[in-house]
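Visitor: I would like a close look at a single part of this protein. Could you take me to one strand and its surroundings, and explain the terms as you go?

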Amino acid sequence: MTTMAHSPNRTPAVPPSMVVLVMVGAVMVTSSGAVVALAGMSLDLGLRGTVQEGYVAPPSTLSWATPPVGAVLAALALLLGGIVLILVGATGIGRRLLTSPSTSPIHDARQRPAVLLTGEPPEHLSRGLWLVKWILVIPHAVVLIGLGIAFGVTTIAAGIVIVVSGRYPAPLFAFNVSVLRWSWRVGFYAYSALGTDVYPPFSFGRPAYPADLEIRRPERLSRGLVLVKWWLLAVPHYVLLAALTGGTGIPLSASGTGDSRGLSVLTVLVLVAGFMVLFTRHYPSGTFDFVMGANRWAYRVAAYVGLMRDEYPPFRLDQGPHDPGAPALADRTSTTLPAE
């Protein structure tokens, strides 16, 4: 197994105030939806109360059942305020990531794949730790919920900028890559792979860890593809990933594979690997390679539907710990690959 190099420059210091802005903004966006839902329930209950045995009250008697204007305005204020806070916080975090010494360009970046996902095969795993990791990752799950909301907001904002200018704003790109990388670290630790017992750090940077993700920021992006890539063009991948990983969306859950529901090929294989570790302390290498290939596919699609790349994701499992053309973890020193 490759030994990871520890560098003090790999984890830039992110101002806590920026993180607070992002998380508060996510709460406000969520709260706006809750206010709208409650207003809708109020309207529905009011209408139901005016209908008795097939008799509908005259329109004049229904005015009290309409959602209060104040609730609608409050929801709108929460939504707009949350969006502003998320964009300000995400931009601040992204700029800090970009100005960190750890983002120095890599000379051979253009010869490497645009999306690189890696994970070091485990050497020693605890027999029973994987049984309680669902508890241990709860703090990360809470954070990733907020970051997932922020990811959605920043992706929409970036899409608007791409339609106008053909470019993905660099700070937002750096922020979104860091969020996906955070999700992959948690997924590699937890139930996307069970690949390590090293607890994932709470970091937007790139600390030394046995799992890593890189996405190269393109110089320009298609304006038209922004409107169709995330839903129409990605449908075939959604269908296949639903069976393969149990998730059809961007992988930002605590498991690292998106909105996982029910049984999937990846779930079965990870559980099999867990029981093998429980009884033998050995993670089957073939299983690990397949698990890595499934996650690699999911994150390539995530980069595509997240508007980060225009290259259509391949329908294939590139199995093994390292992406084709990827350097060893010890050789990587950048937070995000430089623009093309």
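Guide: Happily, and let us begin with a term: a residue is buried if its relative accessible area is under 20%, exposed if over 50%, and partly exposed in between, using a 1.4 Å probe and protein chains only. By that rule, 46% of the 340 residues of the protein chain count as buried. Please keep in mind that this is a predicted model, where local features need pLDDT of at least 70 and side-chain atom pairs count only at pLDDT 80 or more, while totals for chains, interfaces and linings use all residues. Residues are numbered from 1 along each chain as its sequence is written, and side-chain values use heavy atoms, with hydrogens and water left out.

The protein chain has nine helices and four strands. Here helices (H or I, at least four residues) and strands (E, at least two) are DSSP runs, numbered from the N terminus. Read from the N terminus, the order of elements is α-β-β-α-β-α-α-α-β-α-α-α-α.

Now to our strand, E3, which covers residues 115-119. Five of its five residues are buried, so E3 is mostly covered. In a regular strand the side chains alternate between the two faces of the sheet. In E3, Val115, Leu117 and Gly119 point one way, whereas Leu116 and Thr118 point the other way, and all are buried.

What does E3 pair with? Its partner is strand E4 (residues 211-215), in the antiparallel sense, over five bridges. Two strands pair if DSSP finds at least two bridges between them. One bridge can be followed by eye: threonine 118 has aspartate 212 in E4 as its bridge partner.

While you are at E4, look for glutamate 214, which belongs to that strand. Is glutamate 214 buried or exposed? Its relative accessible area is 1%, so glutamate 214 counts as buried. The side chain of glutamate 214 also makes a polar contact of 2.5 Å with the side chain of arginine 206. A polar contact is a pair of N or O atoms within 3.5 Å; within protein, one must be able to donate a hydrogen and the other to accept it, and residues adjacent in sequence count only if both atoms are side-chain atoms.

One last stop is alanine 302, in helix H9. Alanine 302 is buried because its relative accessibility is 1%. Its C-alpha atom lies 9.4 Å from that of proline 313, and the two residues are 11 residues apart along the chain.
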